[in-house]
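Student: I have a model open in front of me, and I would like to learn how to read its sheets, its helices and its domains. Could we go through it together?

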Amino acid sequence: MERFGIDMRAMANHPAFSPATIDYAGAFNVVGRKTPASQVGRSLALNAHVDVVPTADPSHWRYPPFSATRDGDWLYGRGAGDMKAGLIANIFALDAIEKAGYRLTAPVQVQSVLDEEVTGNGAAAAIARGCTADAVLIPEPTDEQLVSANSGVIKFRITVHGVPAHPREAESGVSAIDAGLGLIGHLQRLAAKWNDERARHPGFEEIANPASLNIGTISGGEWLASVPFACSFEGRIGFYPGDDPRQRAAAFEAFVADTASADPRLAKANPKVEWIGVMQTGYRMRPHCSAGQVLQEAHGLAHGGEMRSYVMTCYLDAALFAVHANIPALVYGPVSENIHGIDERVSLSSLRRVTKTIALFAAGWCGVERAI
Ligand SMILES: [Zn+2]
């Protein structure tokens, strides 16, 4: 087993690395490896991220978000679906193979990585360290479907400044909050423009909002009776597999600059864009991917039906493995509800099927022999 952190300075020039504002001190990736004496099959990495997003107000949850409460088929909790269940499924799938009296005939890794939710730098650090294989499987909550393609994503913070003033002479000031809200309105036009490109990207044509501009935080103002001086907001916007994320970031910055120059009040607010999270392109599964075919067979055996696939309009660590390590990356995991929301929950019967599917996939991909 190896344990390693994310060394921001060592990683800075690696293409899988994204800008981060997080301090990774004291947090570690953990990778376990099992390597058979004779290797005849294809190697496999089973990957999962351990970080979770905030809960919002816990008093709005049916059960406390970190109590892992079971109610019928559902297990409630922040990270239940996204993606503690997948992390555990990876481990239990390998235990199941051993319990059945078999062992894999190719090397297998279990990877527990940091920070998928902001940057992907945990997976990037694993790739930079050589933790790759002939295929990677990541059991994100996908309702027992395979992700066939996903979006590229960039994450930003924009800060604007106004001119503070007393309300009795409010007209002499400029409200940073008004400027910030105005700019958010303009950004919707950029998202609509990027959405309009969907027809040129197979699999994305029917998706209503592939850019999925989200403003996730906003803060501003200094005093309830002063015209506010500063306002900043953070968000993310998506684009298409194969797009250069740096070009998209440059287009975003140009849009903000052009919008400001066309509006004197916004120009005065001098919007400043910072990049504070993932800056990566998406990926697309290759047609007739042999790893996908082995997963299809495993899904059929465990589930009894045809495996469906779909396009996911968010960042996935799988993109780093597919794009920067050039290995087949399969994202396939349990049924869950309300990920990133209130009352996140994962279906335990689905988790059991997914665990079986992973075990059968590992056996089919790596090969198995009877343990003596
Ligand atoms: Zn996730």
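Tutor: Let us do that, keeping in mind that this is a predicted model. A good place to start is the pair formed by strand β10 (residues 152-161) and strand β12 (residues 230-239), which run antiparallel and are joined by 10 bridges.

Student: What holds such strands together, and which residue in β12 stands opposite lysine 155?

Tutor: Strands of a sheet pair through backbone hydrogen bonds, and they do so either parallel or antiparallel. Here, the residue of β12 that faces lysine 155 is arginine 236.

Student: In what order do the strands of this open sheet lie?

Tutor: The sheet has four strands, and reading across it gives β11-β12-β10-β13, with antiparallel pairing. Because β11 (214-220) and β13 (272-280) each have a single partner strand, they stand at the edges, and one side of each is left without a neighbour in the sheet. From one strand to the next, the twist averages 15°.

Student: Which strands does helix α4 lie across, and which does helix α5 lie across?

Tutor: Helix α4 (residues 176-195) lies across β10, β11 and β12, and runs at about 10° to β12. Helix α5 (residues 245-261), for its part, lies across β10, β12 and β13, and runs at about 25° to β10.

Student: How is the pairing described in the sheet of six strands?

Tutor: The pairing there is mixed, in an open sheet whose order is β1-β2-β7-β3-β8-β15. Its edge strands, β1 (2-4) and β15 (329-331), each pair on one side only, and the twist averages 20° from one strand to the next. For a parallel example, look at strand β3 (residues 44-49) and strand β8 (residues 136-138), which pair over two bridges; alanine 45 has valine 136 in β8 as its bridge partner.

Student: Moving on to the domains, where do their bounds fall?

Tutor: Domain 1 is made of two segments, 2-149 + 283-370, while domain 2 covers 152-280. Taken over C-alpha atoms, the centres of domain 1 and domain 2 are separated by 32 Å.

Student: How many residues of each domain are in contact with the other, and which elements of domain 1 take part?

Tutor: The contact involves 16 residues of domain 1 and 14 residues of domain 2. On the side of domain 1 that touches domain 2, the elements giving two or more residues are β9 (146-150) and α8 (318-324). Sorted by class, that side of domain 1 has nine nonpolar, six polar and one charged residues.

Terms used. Residues numbered from 1 in each chain as written. Predicted model: local features only at pLDDT ≥ 70, side-chain atom pairs only at ≥ 80, totals over all residues. Pairing = 2+ DSSP bridges. Axes fitted to C-alpha atoms, helices over the stretch in contact; angles between N-to-C directions. Contact = placed C-beta atoms within 7 Å. Domains from an automatic or database assignment. Nonpolar A, V, L, I, M, F, W, Y, C, P; charged D, E, K, R; others polar.
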